[in-house]
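Colleague: I would like to learn how to read local features in a model of this kind. Could we go through them one at a time?

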Amino acid sequence: MEKKIRIILTKAKKAYSTTKIPGAKWAVNPYIGCEHACKYCYAKFMCKYYNYGEWGSWVVVKENLPPLIKNKYVNGRVVMSTVSDVYQPVEREFLLTRNVLKNMSKSVKLSILTKSDLVLRDIDLFKKFACIEVGLTINGFEGELKKEIEPYSPCNKKRIEALKILNENGIKNYAFISPIIPGLVDVKKLIKETKNFTTFYWFEFLNLNASGREFRKWLMENHPESYEILSDKTKTEKYINSVIDVIEKSRVTVKGICIHHPKLVIRKNIRDLFSW
């Protein structure tokens, strides 16, 4: 599936930005915008600030970021990235992510998250960092479902294989199971498929509000039972608790569970599952 992408070249003013992402203090975004064009993506809000068209049709390229970041050290965990995928297809041409990694202080505590097996290209650089973790987002979307909501990202099979290869190369890895949607994502199956070669897990339940009006409409029309659960507080609580039961019984190492519903009543103290 091919798609024409508008490329906007720009100059970054700073290498690191603060972030509210759980477990991190800093973000590095070589790109803004993402070719993967996931229908539920929370970063779509960036279209308010970058008026280049619909999400997934444009990518801002910070062409001066590699020299800007050279040997600069920050204290606290750094995440790549928050408003794009650092291994989206445009990275094959611009090599921004690779060059940023080359120039970045190897003492930085770095966490990378992607949906692409292109990440395997940079294993040689990962091995130079004193503290690094590399994650793959997995959710099991396949066939027509994937074409609908994750049209341009690599398939889950490739992402799972990437986790395995990272493990074989001694790279600390993690599976980010997200977005967890009732009836569409089988958390138990995903854990079973990955637990033998995955260092730890993050779990994220769909943030229905942040997913946007278009995705909510799509979910309501195509998967009304899923939408009904996520739009009803009592049903959402029951569903989340049932998934947490599955996670607990799997006995995997959990770094975090993102619920996005602060007023929900969760039976278990989910922090008992965490290993920070």
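Colleague: To begin with accessibility, is L95 buried, partly exposed or exposed?

Modeller: The model is a predicted one, and the class of a residue follows from its relative accessible area, where buried means under 20% and exposed over 50%. L95 has a relative accessible area of 34%, so it counts as partly exposed. L95 is found in the loop between α2 and α3 (96-103), and it has a positive phi of about 55° although it is not a glycine.

Colleague: Which value does phi take at A37, and where is A37 found?

Modeller: Phi of A37 is near 55°, a positive value in a residue other than glycine. A37 is found in the loop between β4 (31-32) and β5 (58-62), and with a relative accessible area of 12% it is buried.

Colleague: How should I read helix α6, and what span should its 13 residues have?

Modeller: One can compare an expected span, taken as 1.5 Å times one less than the number of residues, with the distance between the end C-alpha atoms. For α6 (residues 156-168) the expected span is 18 Å and the end C-alpha atoms are 19 Å apart, which agrees. The buried residues in α6 are N156, R159, I160, A162, L163 and L166. Seen down the axis of α6, these buried residues fall within an arc of 150°, so they line one face of the helix. The exposed residues K157 and E168 are carried on the face of α6 turned away from its buried side.

Colleague: Against which elements do the buried residues of α6 pack, and what is the phi of G170, which follows the helix?

Modeller: The buried residues of α6 pack against α4 (123-126), β8, α5 (143-149), β9 (173-180) and α7 (187-194). G170, which follows α6, has a positive phi, near 75°.

Colleague: In strand β8, which residues does T137 touch?

Modeller: T137 has its place in β8 (residues 131-138) and is buried, with a relative accessible area of 6%. Leaving aside residues up to four places away in sequence, T137 touches L113, T114, K115, R159, F176 and S178.

Colleague: S178 brings me to peptide bonds; is the one from S178 to P179 cis or trans?

Modeller: The bond from S178 to P179 is cis, with omega near -10°, and P179 has its place in strand β9. The peptide bond from M80 to S81 is cis, with omega near -5°, and S81 lies in the loop between β6 (78-80) and α2 (91-94).

Terms used. Residues numbered from 1 in each chain as written. Predicted model: local features only at pLDDT ≥ 70, side-chain atom pairs only at ≥ 80, totals over all residues. Heavy atoms only, no water. Helix = DSSP H or I, 4+ residues; strand = E, 2+ residues; numbered from the N terminus. Buried < 20%, exposed > 50% of the residue type's maximum accessible area, 1.4 Å probe, protein only. Contact = heavy atoms within 4.5 Å. Arc of directions from axis to C-beta.
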